[in-house]
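User: Could you walk me through this structure and show me the reasoning behind each label as we go?
Analyst: Happy to. Here is what we will be looking at.

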Amino acid sequence: MSAPEASELGGGARPRPARRGARARSAAPSRARRVLTPLVAVVALLAVWEAVVDLGLVPNFLLPTPVQVVTALVEDAALLASHSVTTLAEAAAGLVVGVVLGFAFAVLMDRFETFYLAFEPLMTISQTIPTVAIAPLLVLWLGYGALPKVVLVVVSTFFPITVSLASGFRSVDPDVIDLMRTMNASRWQIFWYAKLPAAADQFFSGLKISATYAIVGAVIAEWLGGNAGLGVYMTRVRKSFSYDRMFASIIIISVLSLALMKLVELVQRALMPWKRAERNSNER
Amino acid sequence: MSAAEKNLGVGSPGAGLAAARPADGAGRPDAGASRPSAGAPAGGVSALAAEGLTLSWDGEALVTEGIDLAVMPGEVCCLVGRSGCGKTTILHALAGLTTPVSGRVLLHGEDVTGCPGRVSYMLQKDLLLPSRRIIDNVCLPLVLGGMRRAEARAKAEPLFERFGLAGCELKWPSELSGGMRQRAAFLRTYLMGADVTLLDEPFSALDALTRVDVRRWFVGVARELGLSALVITHDVDEAVSMASRVYVLAGAPSAGEPSHVAGEVVVRRADDAPGGFELTDEFLAAKREVMSLLG
């Protein structure tokens, strides 16, 4: 680096602390601003979308307008609702099984070092396998019923749960475990009082990811064969070229995923009352 | 029955606190004298003693060699040494968390080498469980011992005032200052109920002013409760301000020179001195002696 450049950088670095100070001093954006700003952005984008199609810049048979999408959503509401129930049921069943299996696996990995060493790399590698790639196999092996859907959801949710729990269990300060040993704590007590709460944070982060994987996993499995569900609905409307209905089902999938994530958040808040105190004292 | 249980059990909670200071000052050597370490001081059985404790980290290189020390009932002693001289290793051995290469750990004359759960134990980190309210944190040793939560809470509640924690019962650990958290950790240690308390640099993570306050408070509470305690620290001020006797540990295990007890300094306590013990000549005299033993 040349001398002038260095001095320039030095000069540029000097005012930075002041700027950071200014940022800390300025209050967080108000609630109204936080809600309204993204709302305006979305409305503006929808308006541009509507205009692009209405003005004929993109042919309507390729891209439905937002108004058409909403109309389709309303018209097909009953049908979408019944397919949503199927998808949700598959996703929920898979998620529950995935969480239970992941939990059991993580506990085993925590309890037995050999088990951890054996499966930790496998866990990481298996996370890189795309669900889309194994879905056709599952349909081939397990048929067109609900089973392949549930299994795909289990496969895609199991790993984030296991990995987040296992690393959560390991995040406990070893001094806490020593302290509890001097209190004659049993292995189970150390798990219940120290390890499980320490892993709760990471568990819920993993669960949030898994919740979205669950919906997407169920839909993907439905694409590849089935009698009901949003994925089946999507393949049907795609074949009949009604892209407005296609978009309607995409909206439903987004809403379901968001709702499931929100549900996880609510459960987390109820089960981890100490988090709020921690947030408050951090802000102070 | 343990000391804490005894104290808690006697009469009203307030009266119970002041009572039961086991064998007050028994066998405490004459003040002002410094003498080489020689295991248990004469007179009575020590609350905690190490006899020829030789320890290693990995089974090969020795960390300490032939450590002899004794804490008499109702006495607060310190073990002071430089960083890395194996203080925490000694503490772990005394707590029964590790087994020594050779030597014994005695609790009231009983061999407890390698048995965890016989002494109370407190570290520099407060190690409060973030997911439990303060009262449930301090009750932890009782609940782990099989006591019902309500009963444990009822036992701990009267102690909050004396430990300077009144009103904090239902708070979460993250809502307390460092000094308060350390007091809560000490109350939890006290409720472990063992006769002897081990403290590893208990207050050195606090800021300087809080540290002095909490140390003074500790000396008062320890006397009131009749605690037998061994404080392990690298801080000469902390050692002299808290203990009635200071064992000085010297050596450099990482350089292949296992630590040993270089000597023992008796501190002439003057806790009622105006401005605090830390400003007295007795404090300085003891500090000078410890420093010279540290080399």
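**Chain B, chain A and the reasons behind the labels**

Analyst: In chain B, 69% of the contacts with a separation of 6 or more are between residues 24 or more positions apart. Please keep in mind that this is a predicted model. Chain B has eleven helices and eleven strands, and 54% of its 295 residues count as buried.

User: What makes up chain A, in terms of helices and strands?
Analyst: Chain A has 13 helices and zero strands. Buried residues account for 36% of its 284 residues. Among its contacts between residues at least 6 apart in sequence, 71% join residues at least 24 apart. Chain A exposes about 16,500 Å², with 69% of that supplied by carbon and sulfur atoms. For chain B the accessible surface comes to about 11,500 Å², and carbon and sulfur atoms hold 52% of it.

User: How do you know that the two chains touch, and how many residues are in contact?
Analyst: Contact requires heavy atoms within 4.5 Å, and 21 residues of chain A are in contact with 23 residues of chain B. Together the chains bury about 2,200 Å², 65% of it on carbon and sulfur atoms. T182(A), M183(A) and Y193(A) supply 31% of the area that chain A buries against chain B, more than any other three residues.

User: Why is the pairing of K125(B) and D175(A) called a salt bridge?
Analyst: The cut-off is 4 Å between a side-chain nitrogen of Lys or Arg and a carboxyl oxygen of Asp or Glu. For K125(B) and D175(A) the N to O distance is 2.8 Å, so the pair qualifies as a salt bridge. This pair crosses between chains, from the loop between β7 and α4 of chain B to helix α9 of chain A. K125(B) also forms a salt bridge with D173(A), with the closest N and O atoms 2.9 Å apart. The count between chain A and chain B is two salt bridges, while the structure holds 23 over all chains.

User: Why is K125(B) called partly exposed?
Analyst: Its relative accessible area is 39%. Partly exposed covers the range between 20% and 50%, so K125(B) belongs there.

User: What makes R149(B) and D136(B) a salt bridge, and which parts does the pair tie together?
Analyst: Their N to O distance is 3.3 Å, and the limit is 4 Å, so the label holds. R149(B) lies in helix α6 of chain B and D136(B) in helix α4, so the pair ties together parts that are 13 residues apart in sequence. R149(B) is partly exposed at 49% relative accessibility, whereas D136(B) has 11% and is buried, because buried means under 20%.

User: And how do you know whether D235(B) and R215(B) are buried or exposed?
Analyst: D235(B) has a relative accessible area of 17% and R215(B) has 4%. Both values are under 20%, so both residues count as buried. These two residues form a salt bridge, the closest N and O atoms being 3.5 Å apart. The pair links a loop between β9 and α10 of chain B with helix α9 of chain B, 20 residues apart.

User: Why is the aromatic pair of W49(A) and F247(A) called tilted?
Analyst: The ring centres are 5.4 Å apart, and the limit for a pair is 6.5 Å, so the rings pair. The planes make an angle of 55 degrees, which falls between the 30 degrees of stacked and the 60 degrees of edge-to-face, so tilted is the right word. W49(A) in helix α3 and F247(A) in helix α12 are 198 residues apart. W49(A) is partly exposed at 23%, and F247(A) is partly exposed at 26%.

User: What makes R170(A) a charge over the ring of Y116(A)?
Analyst: R170(A) lies over the face of Y116(A), at 3.6 Å from the ring centre. The distance limit is 6 Å, so that part of the test is met. In chain B, the charged end of R183(B) sits over the ring of W217(B), 4.9 Å from its centre. W217(B) also belongs to a cluster of ring pairs that includes F163(B) and Y190(B).

User: Last one: why is M246(A) called buried?
Analyst: M246(A) has 18% relative accessibility, under the 20% limit, so the label is buried. M246(A) is found in helix α12 of chain A and touches residues including M234(A) and V237(A).

Note on methods
Residues numbered from 1 in each chain as written. Chains lettered and ligands numbered in written order. Predicted model: local features only at pLDDT ≥ 70, side-chain atom pairs only at ≥ 80, totals over all residues. Heavy atoms only, no water. Phe/Tyr/Trp six-rings, centres within 6.5 Å; stacked < 30°, edge-to-face > 60°. Helix = DSSP H or I, 4+ residues; strand = E, 2+ residues; numbered from the N terminus. Buried < 20%, exposed > 50% of the residue type's maximum accessible area, 1.4 Å probe, protein only. Lys NZ or Arg CZ within 6 Å of the ring centre and 35° of its normal. Areas by Shrake-Rupley, 256 points an atom, 1.4 Å probe, with all protein chains shown as cover. Buried area = accessible area lost by both parts, 1.4 Å probe. Lists of a residue's contacts leave out its neighbours within four places in sequence.
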